Amino acid sequence: MQSTIHIAADLDVDVHAPPSTYYTSGYNAGGAVSRLKTFNQPASKHEHDPISRRRRASHDDKNKAQKFLIDVKETQRILVEQEDTDGDFQITVNDLGPKSFLVGTADSGGYRKIEIRGTYMLSNLLQELALAQDYGRKHIVLDEARLNENPVDRLARMIRHSFWDGLTRRMDAHGLEIICNDPKNRQADHNPRIYVPFDDERVFHYYQQVAHDRPHLRLQVERLPQFITPQFVKGINDRPGILALGMEMGNDGQLHGIPFVVPGGRFNEMYGWDSYFIALGLLVDGRVELAKGMVDNMVYQIKHYGKILNANRSYYLARSQPPFLTDMALRVYERLPAGDGDKNKAWLRNTLQAAIKEYHTVWMSAPRLDPKTQLSRYRPAGLGIPPETEASHFDHVIQPYAVRAKMSVEDYMHAYNEGTLSEPALDEYFLHDRAVRESGHDTTYRFEKRCANLATVDLNALLYKYETDLAEAIDDILDGDLLDENDVLQYAQDWRVRATRRQERMNRFLWNAEKGMFYDYDTIKQEISTYDSVTTFWAMWAKCCTPDQADAMIKAGLPLFEQQGGLVCGTEESRGQISLDRPNRQWDFPFGWAPHQIMAWRGFQNYDRADLARRLAYRWLYTITKSFVDFNGVVPEKYDVVSLSHQVQVEYGNVGVDFKYVPREGFGWMNASYQIGLSLITTQMRRALGACTHPDLFFEKAMQRDHVWNATSLRRRKSSEAAAKAITRNGSITAAITRIDTICMSPVFQHSPLAGRAANGDSTPLSFLELTEPHTHRIKLSDP
């Protein structure tokens with residue numbers, strides 16, 4: 001069956017426009033591509049035999065940007081059937097299809113075929129077909145430039161134009177159906193429910209009206225008590241719900257939810273420290289109002305819930321997360337319209353007033369403040385077993401107690417939660433478990449069974465930053481005019497004194513001069529921890545270490561934490577041996593997370609080591625880009641930065657990897673880290689990144705100069721080789737090499753030395769290598 005399609009005259013359109021523009025205008029506007037007639041014609045040999053490939057022929061115009069004429073639904077069906085051999089609705093390097101697909105050119109009305117080859121281009125084709133379907137397109141004219149686009153540009157564009165919008169939520173009538181959905185809810189009661197603060201009468205009546213006007217939502221609206229106790233929080237665990245956030249009056253005279261961005265996947269609510277890093281990414285992409293709205297929602301939480309919440313679900317009411325509000329507010333303030341000076345200052349005053357309340361009532365009060373060291377700890381209130389975890393998450397913990405009580409694990413857990421039996425050892429265990437979750441680092445052997453007792457370097461560095469931020473804002477921005485919630489005037493000198501005292505205590509209790517790094521301090525055992533954590537660099541982010549300490553941390557810490565794919569959470573030695581009885585934890589070696597990278601980059605910049613910040617940023621960006629290229633555009637929650645893989649075998653798995661055809665959200669702070677990282681690296685680095693140049697190859701000379709090549713780096717290379725063998729079934733199959741021209745794709749090409757090389761007739765392209773299909777002869781990918 002062959003279709004004849006009429007193509008409208010040339011229409012100007014940006015080939016890299018967002019899908020909302022590209023698939024609704026130009027060639028793909030309604031009526032621009034129309035079906036004329038259909039007739040029977042024998043299929044060509046090439047259409048039946050994917051191995052008999054036809055590359056672009058001599059009669060094809062190579063100087064003209066190629067366009068393809070595509071039947072969306074039928075092409076998608078054949079493409080998936082041929083290339084998605086593992087059935088996950090994605091085309092990745094793990095699929096064993098031919099990695100070759102024929103599409104018709106637009107100039108020939110779809111009759112003349114050209115081969116699309118390789119995982120990257122085929123997965124981009126699959127993504128574009130899904131996006132075209134979103135806009136109801138049955139036939140499209142697709143620019144080749146959207147398939148072979150520089151992967152760096154493509155990912156940055158997807159984050160800027162698609163991912164942020166896909167993750168944005170509102171707590172109003174139009175957004176409740178989406179935000180009330182909670183994949184973590186294991187209770188029998190799945191009715192959508194919203195809890196409203198005791199003293200927010202206007203919002204309470206608003207949601208009552210929504211429930212009345214939209215009965216199909218089956219929305220239940222409940223008012224929280226004036227005083228929220230751990231007993232109350234435990235008592236509503238069997239009927240969980242979303243917690244109300246800020247609302248504002250719109251131009252239409254109606255209340256509208258202040259928008260915010262969620263992390264993604266099963267995390268469909270506003271999280272505390274995630275929001276800080278997400279806001280930084282939003283600012284890079286010019287989404288200032290959205291970042292400002294997230295600050296406003298944090299202020300609402302402090303005012304009505306007493307703290308910035310772990311997240312706005314009812315089971316998170318008793319615990320917070322790492323505090324970033326002052327820096328977040330100042331970053332947003334810097335980007336507000338200059339013409340609204342007085343309005344902007346009033347906004348900043350209101351925000352910092354909330355931060356002061358949080359500082360005193362949450363972090364500098366019992367039980368989080370250690371009375372002896374006067375340093376702060378993650379030590380939230382709470383009772384019972386955290387309900388948001390998987391059903392079997394704590395079975396191994398409960399089982400010995402259940403056996404002793406001659407009860408099933410399920411019955412024992414129910415009785416423990418109901419309070420009909422008590423077990424002090426379990427109370428202690430879950431105190432620390434809740435503290436781990438408040439720290440954001442859930443979970444890690446760094447905090448195992450002791451987190452609530454630790455004065456951590458990360459938390460106290462953040463509070464030092466609160467103190468110095470407030471001092472600087474009072475003097476440099478607010479002209480000495482800042483009141484707390486009790487109308488007490490705040491003085492910059494008082495906040496500087498607080499910062500100095502904290503710095504002295506951190507040096508006394510947390511600094512290990514012999515090892516050249518900061519460590520956690522156990523306030524109960526009164527001893528310093530020995531766990532090597534990359535959060536030592538947070539002291540550089542907060543500027544609470546001396547230049548000599550910073551130099552020591554760089555010298556001692558980089559060899560420990562710098563891996564080929566970025567900074568790892570901790571050392572293998574600190575994590576300890578892994579076994580069936582002692583499984584890996586996701587915030588330990590060998591995993592790397594976006595917050596640790598972003599904090600370290602800024603920390604190195606603060607101490608005039610932008611070169612190291614760029615090097616580490618490149619490593620992280622390479623990890624993200626390589627997975628994006630090889631795995632259908634995936635942008636996950638975390639990576640194994642030692643073996644450069646997002647396919648991790650660890651608790652909770654990896655969020656952001658399960659999607660059909662096209663990624664639509666990425667993951668909140670991972671998106672942010674990519675945009676922030678791109679803003680740090682040089683033009684040369686971005687060009688190399690677009691060609692997927694391995695970091696160790698790119699930095700080889702610099703690392704030899706700095707004497708970085710040592711046993712650690714050799715071990716790292718062996719790990720990389722092992723990962724490559726795993727992809728190729730331990731070497732039992734080899735992989736073809738696809739080279740994708742990046743000269744014309746690079747946005748900086750016209751300003752680069754390569755432009756001159758091309759002008760002189762050298763057309764050798766920059767290329768990146770990708771593992772594609774099985775081949776009949778061995779191809780040497782690289783020297784060991």
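## Arginine 223 and its contacts

Arginine 223 touches Val196, Pro197, Phe198, Glu201 and Phe204, with residues up to four places away in sequence left out of the count. These contacts come from a predicted model. Arginine 223 sits in strand S9, which spans residues 220-223.

Two polar links involve the side chain of arginine 223. One goes to the backbone oxygen of phenylalanine 198, at 3.1 Å. The other is a side-chain pair: arginine 223 and glutamate 201 make a polar contact of 3.1 Å. Phenylalanine 204 is 19 residues from arginine 223 along the chain, yet their C-alpha atoms are 7.2 Å apart.

Is arginine 223 buried, exposed or partly exposed? The relative accessible area of arginine 223 is 31%, so the residue counts as partly exposed. The cut-offs are under 20% for buried and over 50% for exposed.

## Nonpolar cores

The largest nonpolar core contains 202 residues. Which residues have the most contacts inside it? They are Tyr207 and Phe604. A separate core of twelve residues lies apart from that one; Ile398, Tyr401, Met413 and Tyr429 are among its members.

Tyrosine 207 has a long list of partners. Beyond its neighbours within four places in sequence, tyrosine 207 contacts Met171, Leu176, Ile194, Val196, Leu219, Val221, Ala244 and Met247. Val196 appears here, and Val196 is also touched by arginine 223.

## Strand S5 and its partner S4

Strand S5 covers residues 113-117, and five of its five residues are buried. Both faces are covered. Lys113, Glu115 and Arg117 lie on one side, and Ile114 and Ile116 on the other. The buried set in S5 thus includes Lys113, Glu115 and Arg117 along with the two isoleucines.

S5 pairs with strand S4, residues 100-105. The pairing is antiparallel and runs over five bridges. One residue pair can be named: leucine 102 has glutamate 115 of S5 as its bridge partner. Glu115 is also one of the buried residues of S5.

## Glutamine 675 in helix H23

Glutamine 675 belongs to helix H23, residues 668-680. Is glutamine 675 buried or exposed? Glutamine 675 has a relative accessible area of 4% and is therefore buried. The cut-off for buried is under 20%.

Which residues does glutamine 675 contact, leaving aside neighbours within four places in sequence? They are Ala156, Ile159, Arg160, Val284 and Asp285.

Terms used:
Residues are numbered from 1 along each chain as its sequence is written. This is a predicted model: local features need pLDDT of at least 70, side-chain atom pairs count only at pLDDT 80 or more; totals for chains, interfaces and linings use all residues. Side-chain values use heavy atoms; hydrogens and water are left out. Helices (H or I, at least four residues) and strands (E, at least two) are DSSP runs, numbered from the N terminus. Buried means under 20% relative accessible area, exposed over 50%, partly exposed in between (1.4 Å probe, protein chains only). Contact means heavy atoms within 4.5 Å. A polar contact is a pair of N or O atoms within 3.5 Å; within protein, one must be able to donate a hydrogen and the other to accept it, and residues adjacent in sequence count only if both atoms are side-chain atoms. A nonpolar core is a set of buried Ala, Val, Leu, Ile, Met, Phe, Trp, Tyr and Cys residues joined through side-chain atoms within 4.5 Å. Two strands pair if DSSP finds at least two bridges between them.
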